[in-house]
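Work through the exercises below with the sequence and the model side by side. Try each task before you read its solution.

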Amino acid sequence: MSSVFSKEALTLEVLDAICEKLDLQSSALVFLDYEFKPGEIKKIEADLIQRSVKQQPTSTADVAALVRTVRPSLTTHAATSIAEQLVAGFQAESRFSILTGK
């Protein structure tokens with residue numbers, strides 16, 4: 001984002017505040033917050049779909065590894081933090097039942 005006062009930045013700030021106030025978890029908001037590109041989201045979700053088809057239990061560490069495949073510059077800590085938020089969002093949305101959250 002180019003400016004903290006851009007329309008996009010302000011909209012994201014409002015969405016974050018609403019979700020926090022209402023204790024809502026959203027994978028889409030996580031992807032927005034960290035500015036994931038469509039191709040990165042597709043790669044993560046395609047892998048999770050494959051794991052679902054195979055009924056392969058998937059931990060937060062597994063999701064962090066997926067995040068690092070699309071964002072190799074992230075530290076393990078940063079990827080784990082994003083993965084925790086994504087798992088919480090996916091679980092709240094009842095998506096990817098293979099996610100163990102551990």
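Helices (H or I, at least four residues) and strands (E, at least two) are DSSP runs, numbered from the N terminus. This is a predicted model, in which local features need pLDDT of at least 70, side-chain atom pairs count only at pLDDT 80 or more, and totals for chains, interfaces and linings use all residues. Residues are numbered from 1 along each chain as its sequence is written, and side-chain values use heavy atoms, with hydrogens and water left out.

**Exercise 1. Find the salt bridge that D47 forms, and say how the two partners are separated in helix α3.**

Step 1. Take the rule: a salt bridge is a side-chain nitrogen of Lys or Arg within 4 Å of a carboxyl oxygen of Asp or Glu.
Step 2. Apply it to D47. Its partner is R51, with the closest N and O atoms 2.6 Å apart.
Step 3. Place the pair. D47 and R51 are separated by about one helical turn, because they are four residues apart in helix α3.
Step 4. Check the cover. Buried means under 20% relative accessible area, exposed over 50%, and partly exposed in between (1.4 Å probe, protein chains only). D47 has a relative accessible area of 26%, so D47 is partly exposed. R51 has 15%, so R51 is buried.

**Exercise 2. Which salt bridges link distant parts of the chain? Study R71 with E40, then R95 with E45.**

Step 1. Start with the total: the rule gives five salt bridges.
Step 2. Look at R71 and E40. Their side chains meet at 3.1 Å, N to O. R71 sits in the loop between α4 (60-70) and α5 (76-92), while E40 is in helix α3 (residues 38-53), 31 residues apart. Both R71 and E40 are buried.
Step 3. Look at R95 and E45. This salt bridge has an N to O distance of 2.8 Å. R95 lies in the segment after α5 and E45 in helix α3, 50 residues apart.
Step 4. Compare with the cut-offs. R95 has a relative accessible area of 29%, so R95 is partly exposed. E45 has 18%, so E45 is buried.
Step 5. Extend the pair. E45, E93 and R95 are linked in a network of salt bridges.

**Exercise 3. What lines the largest pocket, and what is its volume?**

Step 1. Define the pocket. On a 1 Å grid over the protein atoms alone, a pocket is an open set of points where a 1.4 Å probe fits, with protein on both sides within 12 Å along at least five of seven lines; lining residues have an atom within 4 Å of a point.
Step 2. Define the volume. Grid points are joined across faces, edges and corners, and a volume is the space filled by probe spheres set on the points.
Step 3. Read off the value: about 180 Å³ for the largest pocket.
Step 4. List the lining: D16, C19, E20, L24, Q25, S26, L29, V30, D33 and Q85. The elements that give two or more residues to this lining are α1 and α2 (27-33).
Step 5. Sort the lining residues. Ala, Val, Leu, Ile, Met, Phe, Trp, Tyr, Cys and Pro count as nonpolar, Asp, Glu, Lys and Arg as charged, and the others, Gly among them, as polar. The result is four nonpolar, three polar and three charged.

**Exercise 4. Where is Q55, and where is S94? Give the sign of phi for each.**

Step 1. Q55 is in the loop between α3 and α4. Its phi is near 55 degrees, a positive value in a residue other than glycine.
Step 2. S94 is in the segment after α5. Its phi is near 60 degrees, again positive in a residue other than glycine.
Step 3. Check exposure. Q55 has a relative accessible area of 64%, so Q55 is exposed. S94 has 68%, so S94 is exposed.
Step 4. Find a neighbour in space. Q55 and I98 are 43 residues apart in sequence, with their C-alpha atoms 6.3 Å apart.
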